[in-house]
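Thanks for passing this one along. Here are a few notes to read with the model open beside you.

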Amino acid sequence: MNLIDSAYARAEANGFGQSCEPPVGRLLATLAAALPPGARVLEIGTGAGAGTAWLASGLLPRTDVSVVSVELDPAISAIAAQGEWPAFVELRVGDALEFLAAAEGGFDLIFADAMAGKSEGIEHTLARLNPRGTLVVDDMRAVDDWPDAFKVRQDLVRRTLLDDPGLVCVELEHGTGVIIGVRRPPTG
């Protein structure tokens, strides 16, 4: 069984219903495949590891990259840790905002898939995005049964990203709604 199928099987076996949707996963794999040598990837919100699996599948068979995925919930992180990950994948348990504050250097691709680092502290995520780096933020399309407070945060994230002069962004009706932003290089 490949990385992706294994991740979805783990999620289903453990009743985890918030995995990265396949259309978003294919997008992640495609963006990961285009990364330069030595690239650094950050996933905020590992969950059962589906997003991580898509990222790794886009990078394989390369070994010159690194993927760090951060999950707040130790029990959910333990589900992802059951996977057979390539050596370039590192799973961490912890608060994403604390990780972002302590991280050294920036990232070439960031997948923001958790509240922390997306609807709470998006500015910290943006601060870690390298010039020409790509940010993928999902769950940006309002779903009727989501709480109103989350919908308000979605709008704030949307405005923050789309109005940021340092980013070139596009909003897609892909999966649960995705905003992709690329950090403009410094001028001069």
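Which residues does C20 touch, not counting those up to four places away in sequence? Please keep in mind that this is a predicted model.

1. **Around C20.** Setting aside residues up to four places away in sequence, C20 touches Y8, G25, L28, A50, G51, W54 and F111. C20 is also among the residues with the most contacts inside the largest nonpolar core, along with L28, L35, V41, L59, F88 and L109.

2. **The largest core.** This nonpolar core has 28 residues. At least two residues of this core come from each of helix 1 (3–13), helix 2 (22–33), helix 3 (50–59), strand 4 (107–112) and strand 7 (178–183). Helix 3 gives the most, with six residues.

3. **Another core.** There is a second, separate core, made of 22 residues. Among them are V68, L126, L129 and L161.

4. **Helix 2.** From its first C-alpha to its last, helix 2 reaches 16 Å with its twelve residues, close to the 16 Å expected at 1.5 Å a residue. Its buried residues are V24, G25, L27, L28, A29 and A32. If you would like to see what covers these buried residues, look at helix 3, strand 4, strand 5 (129–138) and strand 7, which are included in that cover. Note that L28 appears here as buried, and that L28 is also one of the residues C20 touches.

5. **R10, an arginine to look at.** R10 sits in helix 1. What is the nearest side chain of opposite charge to R10? That side chain is E84, 8.3 Å away, and R10 is buried yet has no salt bridge. Leaving out neighbours within four places in sequence, R10 is in contact with A48, G49, I79, A80, Q82, G83 and W85.

6. **R40, buried or exposed?** R40 belongs to strand 1 (residues 40–44). R40 counts as partly exposed because its relative accessibility is 26%, and partly exposed covers the range between under 20% (buried) and over 50% (exposed).

7. **What R40 meets.** Apart from neighbours within four places in sequence, R40 is in contact with S66, E104, G105, G106, F107, D108 and L109. With G106 there is a specific approach to look at: the R40 side chain reaches the backbone oxygen of G106 at 3.0 Å. R40 and I110 are 70 residues apart in sequence, and their C-alpha atoms are 8.7 Å apart in space.

Terms used:
Residues are numbered from 1 along each chain as its sequence is written. This is a predicted model: local features need pLDDT of at least 70, side-chain atom pairs count only at pLDDT 80 or more; totals for chains, interfaces and linings use all residues. Side-chain values use heavy atoms; hydrogens and water are left out. A nonpolar core is a set of buried Ala, Val, Leu, Ile, Met, Phe, Trp, Tyr and Cys residues joined through side-chain atoms within 4.5 Å. Buried means under 20% relative accessible area, exposed over 50%, partly exposed in between (1.4 Å probe, protein chains only). Helices (H or I, at least four residues) and strands (E, at least two) are DSSP runs, numbered from the N terminus. Contact means heavy atoms within 4.5 Å. A polar contact is a pair of N or O atoms within 3.5 Å; within protein, one must be able to donate a hydrogen and the other to accept it, and residues adjacent in sequence count only if both atoms are side-chain atoms. Lys and Arg count as positive and Asp and Glu as negative; His and the chain ends are not counted. A salt bridge is a side-chain nitrogen of Lys or Arg within 4 Å of a carboxyl oxygen of Asp or Glu. The expected span of a helix is 1.5 Å times one less than its number of residues.
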